[in-house]
Amino acid sequence: MIKIFTQPFAMLAILAALSFTPAYQPGGDQAPLCNIRNTSFKAGERVTMKVFYNALGGYIGAGEATFTTTLERFNGKPAYHFVGEGKTYSFFDNFFKVRDRYESYVDTNTLLPYKFIRNVDEGGHKIYNNISFNQEANTATTTKGVYKITPCMQDVVSAVYYVRNIDFSKYKPGDKIPFDMFLDDEIFHMYVRYMGKEKVKTRYGKFNAIKIKPLLLKGNIFEGGEKMNAWISDDPNHLLLRVESPISVGKIIVDMFGYQNLRYPLTSLIRLR
């Protein structure tokens, strides 16, 4: 049984960070992209996402997530340090309080992770994971042992930045873009489906956007199939703008609400709300 993010309010709070990651396809039919280069973000970037939940005909704010990027050194090498923090708002705290923190240290040249840390508190249920990757030896070391991994392995957080650096101009609508991810001592063969370009209205504004669909595994929260939609900015930042998905009870929307220190001007913005 896959145990990724089974709690509803935890998923609401951190979905913005993980909108690409609940997908699973056994025996992916394409090789993951390797040696991808960073062209979309820079150190100092900070992005805020807000999560809205609709079960009775109206959306209410459920939680938010922030994502920061710094340039540090890891084992003597330059590395991007990605941090994603998710929390529920005080109203939802009464039902299920979430305080989650995800970290990834990533090679600046290859965008492959050196280390992944998950430190979450979801309704009093605490989980701590610490994974060290050896991308040359294709191994991942966790508290439970050493695991053989496939080449170009991503973690939960690095996968988001990986997707931001895909050159979508090389694909046509309907194409699947694969990558592999390691979590909970398992390898997941992932993909996002490129759907083309369109305009999208969010609570922040109206944008020219690139639309993608992750394949979702049917579980406690999400319906199976490609029912989740995500939009990223159609400019060099490839900033995540919106995620929409039906869930077992209701629907959720995740919108970008603020940013600092983007690498490029947000030229995809047509107008503010």
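**Figure 1. Asp-234 and Lys-197 pair up in a salt bridge.** In this view, the side chains of Asp-234 and Lys-197 meet in a salt bridge, with 3.5 Å from N to O. Asp-234 sits in the loop between β12 (229-233) and β13, while Lys-197 belongs to strand β10, so this pair ties together parts of the chain that are 37 residues apart in sequence. Take a look at how open each partner is: Asp-234 is partly exposed, with a relative accessible area of 27%, whereas Lys-197 is exposed, at 56%. Elsewhere, salt bridges that share partners join Arg-203, Arg-242, Glu-244, Lys-251 and Asp-255 into one network. As you browse this and the other close-ups, please keep in mind that the model is predicted.

**Figure 2. Arg-242 is one member of the salt-bridge network.** Arg-242 is found in strand β13, which covers residues 240-246. Is this arginine buried or exposed? Arg-242 has a relative accessible area of 8%, so it counts as buried. Its side chain makes a polar contact of 2.7 Å with the side chain of Asp-255. A polar atom of the Arg-242 side chain also lies 3.5 Å from the backbone oxygen of Lys-201. If you would like to display the surroundings, and leave out residues up to four places away in sequence, Arg-242 touches Val-200, Lys-201, Thr-202, Arg-203, Asn-229, Ala-230, Trp-231, Ile-253, Val-254 and Asp-255. Two of these names, Arg-203 and Asp-255, belong with Arg-242 to the network that also takes in Glu-244 and Lys-251.

**Figure 3. Glu-45 and Arg-164 form a buried salt bridge.** Side chains of opposite charge can pair when their charged atoms come close. Here the count of salt bridges comes to eleven, and one of them joins the side chains of Glu-45 and Arg-164, with an N to O distance of 2.8 Å. Glu-45 lies in the loop between α1 (8-14) and β1 (46-54) and Arg-164 in helix α3 (residues 156-164), so the bridge ties together parts that are 119 residues apart in sequence. Glu-45 is buried, with a relative accessible area of 2%. Arg-164 is buried too, with a value of 6%.

**Figure 4. Arg-118 contacts both Asp-184 and Asn-129.** Arg-118 lies in strand β5 and, at 3% relative accessibility, counts as buried. Which residue is its salt-bridge partner in this view? Arg-118 forms a salt bridge with Asp-184, the closest N and O atoms being 2.5 Å apart. The pair links distant parts of the chain: Arg-118 comes from strand β5 (residues 113-122) and Asp-184 from the loop between β9 (176-183) and β10 (186-201), 66 residues apart. A polar contact of 2.6 Å also joins the side chains of Arg-118 and Asn-129.

**Figure 5. Phe-133 sits among the best-connected members of the largest nonpolar core.** In soluble globular proteins, nonpolar side chains tend to be buried together. The largest nonpolar core of this model holds 54 residues, of which Phe-116, Phe-133, Phe-168 and Met-256 touch the most other members. Helix α3 gives the most to this core, with seven residues. Which residues surround Phe-133, leaving aside its neighbours within four places in sequence? Phe-133 is in contact with Pro-113, Tyr-114, Lys-115, Phe-116, Thr-139, Ala-140, Ile-149, Met-153, Asp-155 and Phe-182. Phe-116 thus turns up twice, as a contact of Phe-133 and beside it in the list of core members with the most partners.

**Figure 6. Ile-60, Phe-91 and Phe-95 form a nonpolar patch on the surface.** Now for nonpolar side chains on the outside: these three residues have about 320 Å² of accessible area together. Phe-95 is placed in the loop between α2 (90-93) and β4 (98-107). With a relative accessible area of 55%, Phe-95 is exposed.

**Figure 7. His-238 and Asn-261 have positive phi values.** For His-238, phi is near 50 degrees, a positive value in a residue other than glycine. His-238 has its place in the loop between β12 and β13 and is buried, with a relative accessible area of 13%. Asn-261 has phi near 55 degrees, again a positive value in a residue other than glycine. Asn-261 lies in the loop between β14 (251-260) and β15 (269-272). Here the relative accessible area is 45%, and Asn-261 is partly exposed.

How values were computed
Residues are numbered from 1 along each chain as its sequence is written. This is a predicted model: local features need pLDDT of at least 70, side-chain atom pairs count only at pLDDT 80 or more; totals for chains, interfaces and linings use all residues. Side-chain values use heavy atoms; hydrogens and water are left out. Helices (H or I, at least four residues) and strands (E, at least two) are DSSP runs, numbered from the N terminus. Buried means under 20% relative accessible area, exposed over 50%, partly exposed in between (1.4 Å probe, protein chains only). A polar contact is a pair of N or O atoms within 3.5 Å; within protein, one must be able to donate a hydrogen and the other to accept it, and residues adjacent in sequence count only if both atoms are side-chain atoms. Contact means heavy atoms within 4.5 Å. A salt bridge is a side-chain nitrogen of Lys or Arg within 4 Å of a carboxyl oxygen of Asp or Glu. Patches are made of residues with over 30% relative accessible area and no salt bridge: like charges are joined within 9 Å, nonpolar side chains (Val, Leu, Ile, Met, Phe, Trp, Tyr) within 5 Å. Accessible areas come from the Shrake-Rupley method with a 1.4 Å probe; for residues, only the protein chains shown count as cover. A nonpolar core is a set of buried Ala, Val, Leu, Ile, Met, Phe, Trp, Tyr and Cys residues joined through side-chain atoms within 4.5 Å.
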